[in-house]
Amino acid sequence: MGTTASLGPSDGTRVPTFCALCVSRCGATATIRDGTLVALEPAPAHPTGKALCVKGKAAPELVYHRDRLLHPLKRTSPKGAADPGWQRISWDEALDTVAERLTRLARESGPECVAFGSASPSTSAMSDSVDWMNRLRRAFGSPNLCSYMELCGWGRHLAPTYTYGMPVPGAFVPDLEHAGCILYWGYNPSISRLAHATSTVAALAHGARLVVVDPRRAGLAGKAHHWLRVRPGTDTALALSLSHVMIERGWFDVEFVRQWTNAPLLVRTDTGRLLRAGGRYLSWDTRRDEPVTYDPAHGYAVEEARLALSGTFDVPTADGPVPCRPVFGVLSEECARMAPAAAEGITGVPAAEIERTARTLWESRPVAFYTWSGLEQHSNTTQTVRAINQLYALTGSLDVPGGNVLFAGVPANSVEGTELIAPGQRAKTIGVQQRPLGPARFEFVTGEDLYTAALEGDPYRVRGLVNFGANLMMAHGDSARGREALASLDFFVHTDLFLSPTVELADIVLPAASAFETEALKIGFETSADAQSFVQLRTPLVPARGESRSDMEIIFALACRLGLGEHFWNGDIEAAWRYQLAPSGLTPQQLRDSPAGVRVPLTTRYRKYTERGFPTPSGKVELFSELLAQHGYPPLPEFEEPRTSPRSRPDLAGRFPLILTSAKSLWFCETQHRGLASLRRKARDPQVELHPDAAAARGIRAGDWVRIETPHGSVRARAKLTTGLAPDVVCGQHGWWQGCAELDLPGYPPFGPGSANLNAILSQRPSDPTSGSSPLRASVCEVSLLEDGRGTGLS
Ligand SMILES: Nc1nc2c(c(=O)[nH]1)N[C@H]1C(S)=C(S)[C@@H](COP(=O)(O)OP(=O)(O)OC[C@H]3O[C@@H](n4cnc5c(=O)[nH]c(N)nc54)[C@H](O)[C@@H]3O)O[C@H]1N2
Ligand SMILES: Nc1nc2c(c(=O)[nH]1)N[C@H]1C(S)=C(S)[C@@H](COP(=O)(O)OP(=O)(O)OC[C@H]3O[C@@H](n4cnc5c(=O)[nH]c(N)nc54)[C@H](O)[C@@H]3O)O[C@H]1N2
Ligand code: SF4
Ligand SMILES: [Mo]
């Protein structure tokens with residue numbers, strides 16, 4: 001760290017870094033005093049360094065926490081036992097055991113019987129190493145990665161590929177700096193992504209409009225020009241209704257729609273499928289009143305302005321004339337079924353507010369949008385995403401300045417090893433049979449499918465798990481079943497900083513060093529053109545505690561022991577980074593010499609689709625998806641009532657009249673950080689938000705301990721009363737298990753009596769038929785005062 005500025009012994013040394021605790025990856029400056037990390041502050045010159053949150057500021061507490069795992073451990077008691085009987089072992093013994101057990105499993109049952117797991121890169125520093133972890137998984141031969149794709153990434157990254165062929169808004173990120181209108185749908189960056197929150201506040205100061213769709217008046221909803229208080233899980237209806245108003249009023253980019261979406265393609269009224277002739281699609285030429293062909297390689301046989309977007313046309317076919325309609329006509333009619341009055345009845349959003357919002361979306365273009373957790377965890381997630389993607393296409397804002405843009409990225413070699421797994425292995429991803437277009441198509445296994453494979457051997461038995469962080473048991477619904485599934489494994493190795501309820505079921509535990517103790521390379525900080533051009537090699541701020549090692553070191557060491565060293569530069573991380581960086585012209589050493597990061601001059605091109613079209617089967621934005629239709633899913637987005645709501649379950653609604661959703665906490669990442677005293681002091685107990693009217697009707701007062709009950713059981717939480725949500729909606733927090741000894745605050749069992757784990761009373765089923773997303777955010781529930789709940793005061 002020769003390049004860092006020393007401010008004298010009492011001030012300590014200040015080292016540029018970035019916080020890797022969550023998706024925001026905030027640029028920061030650390031203060032090191034006497035070899036100890038003492039503080040983290042914002043680094044305003046860093047593209048994501050305007051602010052740090054409370055968790056980032058608590059970094060020293062995390063690093064020096066007394067419960068940190070410092071040595072490799074092996075269990076000595078059977079998996080049913082209350083105490084695993086952890087015994088300290090050497091790294092050599094640990095790595096040899098892991099390599100030997102995994103090799104044996106692969107020999108006996110094929111490498112697919114070993115699943116890999118990873119904490120989400122949005123809630124952990126696994127972002128440092130996730131590509132290398134996937135490289136190891138693929139080199140080993142396993143097509144099964146369990147890492148929350150169905151709960152966290154599907155709606156932003158993979159579901160949009162069925163409309164755009166590309167991840168919008170996951171990779172085509174909102175250009176907040178230049179947006180005329182910002183649309184946040186089921187996303188609250190004030191809590192979850194500080195870098196987006198600060199950019200949004202700046203954009204508002206420059207006059208941008210803000211639309212927030214959220215059942216709660218959370219975060220920026222209080223500053224929004226339109227806050228649409230949607231009933232949880234009914235977002236599809238709202239999106240269709242907004243589309244309807246925009247179409248009806250002509251508030252849509254007709255050139256983009258005609259030229260760049262498949263709106264002009266003809267749909268047969270007899271089959272409901274696209275009309276094809278000799279492998280080509282057909283449209284209707286309004287000038288000559290006859291069909292014209294379209295094929296993705298050559299485009300339309302006439303200029304696009306002549307193509308019909310509405311009407312019904314008799315098209316001659318081998319079976320005689322068939323009445324056909326352009327996709328756009330069919331779609332318009334579908335949307336018209338969701339006129340604002342109808343949508344109000346479903347969503348609870350006033351019809352007039354839907355009209356006003358549609359006007360804002362149109363008049364304040366370009367629109368930049370982001371969606372996230374609020375839409376991910378539902379039985380109808382894929383349809384919701386399709387409906388919002390369709391709405392976004394109407395604005396014509398894709399890949400224009402101020403819209404959602406794929407910013408130019410620093411050239412680099414891909415290291416995730418997609419070439420290392422054989423197609424035959426890839427075809428074995430668990431879940432691909434039931435949901436061929438779902439996460440399994442991209443090598444992700446859902447929690448539900450992992451548990452079923454482990455417990456029931458369907459489609460084959462998962463026998464091993466190599467898990468980096470992921471607190472699977474707490475993060476997925478059906479926690480009790482999760483425990484059974486993990487306990488049933490023949491071999492389970494887990495890498496972590498702390499012992500979680502998931503880790504308790506491991507055979508071998510490997511101690512991970514925190515991001516503040518490790519070196520890591522970050523190419524691109526995503527949130528803006530500037531951020532995306534930024535490269536930083538984070539230096540270790542302090543030595544790794546105990547025998548802990550970075551995930552990257554563990555991955556490389558394990559690869560070598562498994563005989564896969566040839567794919568891992570024989571364990572040489574420096575050489576691996578050199579390879580990764582080569583196309584950028586940068587070297588790790590150069591970056592080490594500029595620890596505050598470097599900017600690579602790049603120019604973002606806009607409207608890149610005009611060069612090559614869209615990477616979809618039709619080469620256009622697929623408002624109508626023939627691929628979805630082929631697999632029996634609706635080709636146009638359709639509203640489906642959430643399958644666990646009081647409306648779809650009248651049999652349960654009497655006993656469970658409320659709707660339970662959840663949201664992240666400012667103070668903690670997911671299931672972590674309850675053990676850090678400075679954070680826990682501010683949020684001592686699990687909390688559930690409910691409306692004062694709902695509380696009064698149940699004799700509940702602010703601060704009371706209550707029981708949240710679903711058909712799957714009950715957990716405890718303290719009532720927070722707020723008028724920021726509807727009287728029939730309650731919002732809980734998931735992730736409560738850890739105690740905080742310093743404050744003498746308890747931990748909670750992951751399920752059963754005394755539990756506070758929301759996912760113990762939520763199920764992974766019935767899941768979204770396309771993606772397998774679990775219905776965690778629109779479940780029937782009831783809340784009641786606990787016997788010992790009164791008089792405990794506000795926390
Ligand atoms: N402080 C903090 N930051 C985090 C995390 C954390 O745990 N804590 N976790 C990280 C991770 S892994 C992720 S995925 C991101 C997630 O970041 P966000 O997606 O912002 O997270 P949430 O707060 O869960 O959900 C966003 C909003 O969706 C709303 N919502 C709930 N149900 C519905 C619904 O049915 N429809 C709509 N439209 N909205 C709904 C909630 O009220 C909430 O305000 O945050 C990352 N950053
Ligand atoms: N009801 C409900 N359930 C949810 C959600 C919800 O909103 N509501 N959110 C879902 C979402 S979006 C997600 S992403 C998942 C999150 O689930 P997970 O990705 O499992 O995230 P965490 O619960 O934060 O647990 C992360 C674990 O990784 C460890 N860890 C942290 N940093 C590192 C590191 O650098 N290396 C290693 N090896 N380990 C590390 C932590 O100690 C912890 O044990 O939960 C999902 N579950
Ligand atoms: S928002 Fe907080 S936890 Fe996340 S990266 Fe920034 S400082 Fe770290
Ligand atoms: Mo997530």
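This is a walk through a predicted model, with a suggestion at each stop for what to select next.

**Stop 1: ligand 1**

Start by selecting ligand 1 and the residues around it. You should get 35 residues, with Asp214, Asp235, Phe668, Glu670 and Arg777 coming nearest. Sorted by class, that shell holds 15 nonpolar, 13 polar and seven charged residues.

Now turn on the polar contacts. Arginine 777 puts a polar side-chain atom 2.7 Å from an oxygen atom of the ligand. At serine 373, look at the backbone instead: a polar atom there is 2.8 Å from an oxygen atom of ligand 1. Then find arginine 216, where a side-chain N or O atom sits 3.0 Å from a ligand oxygen. How much of ligand 1 does the protein bury? Of the 910 Å² that the ligand exposes when taken alone, 99% is buried by the protein.

Colour by secondary structure and you can see where some of this shell comes from. α6 (189-192), α13 (373-376) and β28 each supply at least two residues, and α13 has the largest share, with three. Keep β28 in mind, as we come back to that strand later.

**Stop 2: ligand 2**

Move over to ligand 2. Here 29 residues make up the surroundings, and the closest are Ala475, Asp496, Thr671, Gln672 and Arg777. Arg777 may ring a bell: that residue is also among the nearest to ligand 1. The class count for this shell is twelve nonpolar, twelve polar and five charged residues.

There are three side chains to pick out here. Threonine 671 has a polar side-chain atom 2.6 Å from an oxygen atom of the ligand. Aspartate 551 brings a polar side-chain atom to 2.7 Å from a ligand nitrogen. Histidine 734 has a side-chain N or O atom 3.4 Å from a nitrogen atom of ligand 2. The protein covers 97% of the 910 Å² of accessible area that ligand 2 has on its own. The elements giving two or more residues to this shell are α5 (149-158) and β23 (491-496).

Now colour by domain. Why does ligand 2 lie between domain 2 and domain 4? Domain 2 (90-149 + 415-512 + 549-571) and domain 4 (650-785) both give residues to its shell, so the ligand lies between them.

**Stop 3: strand β28**

Back to β28, residues 658-662. Show the side chains: five of its five residues are buried. Leu658, Leu660 and Ser662 point one way, while Ile659 and Thr661 point the other. That fits the general pattern, since side chains in a regular strand alternate between the two faces of the sheet.

Next, select the neighbouring strands. β28 runs antiparallel to β33 (residues 779-785), with three bridges, and parallel to β32 (residues 729-732), with four. Isoleucine 659 is a handy landmark here: its bridge partner is valine 780 in β33 and valine 729 in β32.

**Stop 4: the seven-stranded sheet**

Zoom out and trace the open sheet in the order β6-β5-β24-β23-β22-β7-β8, which has mixed pairing. At the edges are β6 (87-88) and β8 (145-146), each with a single partner strand, so one side of each has no neighbour in the sheet. Further in, β22 (residues 464-468) pairs in parallel with β23 over five bridges. To line the two up, put valine 466 opposite valine 493 in β23.

**Stop 5: backbone oddities**

Finish with some backbone geometry. Most residues other than glycine have a negative phi, and most peptide bonds are trans. The next four spots depart from that.

- Select arginine 365 and proline 366: the peptide bond from one to the other is cis, with omega near 0 degrees. Proline 366 sits in the loop between α12 (351-363) and β20 (367-371).
- Arginine 765 and proline 766 are also joined by a cis peptide bond, with omega about -5 degrees. This proline 766 is in the loop between β32 and β33.
- Aspartate 478 has a positive phi, near 55 degrees. Look for aspartate 478 in the loop between α17 (472-475) and α18 (479-487). Its relative accessibility is 18%, so aspartate 478 counts as buried.
- Histidine 673 has a positive phi too, about 70 degrees, and lies in the loop between β28 and α26 (677-680). Is histidine 673 buried or exposed? At 5% relative accessibility, histidine 673 counts as buried.

Note on methods: Residues are numbered from 1 along each chain as its sequence is written. Chains are lettered from A and ligands numbered from 1 in the order in which they are written. This is a predicted model: local features need pLDDT of at least 70, side-chain atom pairs count only at pLDDT 80 or more; totals for chains, interfaces and linings use all residues. Side-chain values use heavy atoms; hydrogens and water are left out. A residue is near a molecule or strand if one of its heavy atoms lies within 4 Å of it. A polar contact is a pair of N or O atoms within 3.5 Å; within protein, one must be able to donate a hydrogen and the other to accept it, and residues adjacent in sequence count only if both atoms are side-chain atoms. Accessible areas come from the Shrake-Rupley method with a 1.4 Å probe; for residues, only the protein chains shown count as cover. Ala, Val, Leu, Ile, Met, Phe, Trp, Tyr, Cys and Pro count as nonpolar, Asp, Glu, Lys and Arg as charged, and the others, Gly among them, as polar. Domain bounds come from an automatic or database domain assignment. Buried means under 20% relative accessible area, exposed over 50%, partly exposed in between (1.4 Å probe, protein chains only). Two strands pair if DSSP finds at least two bridges between them.
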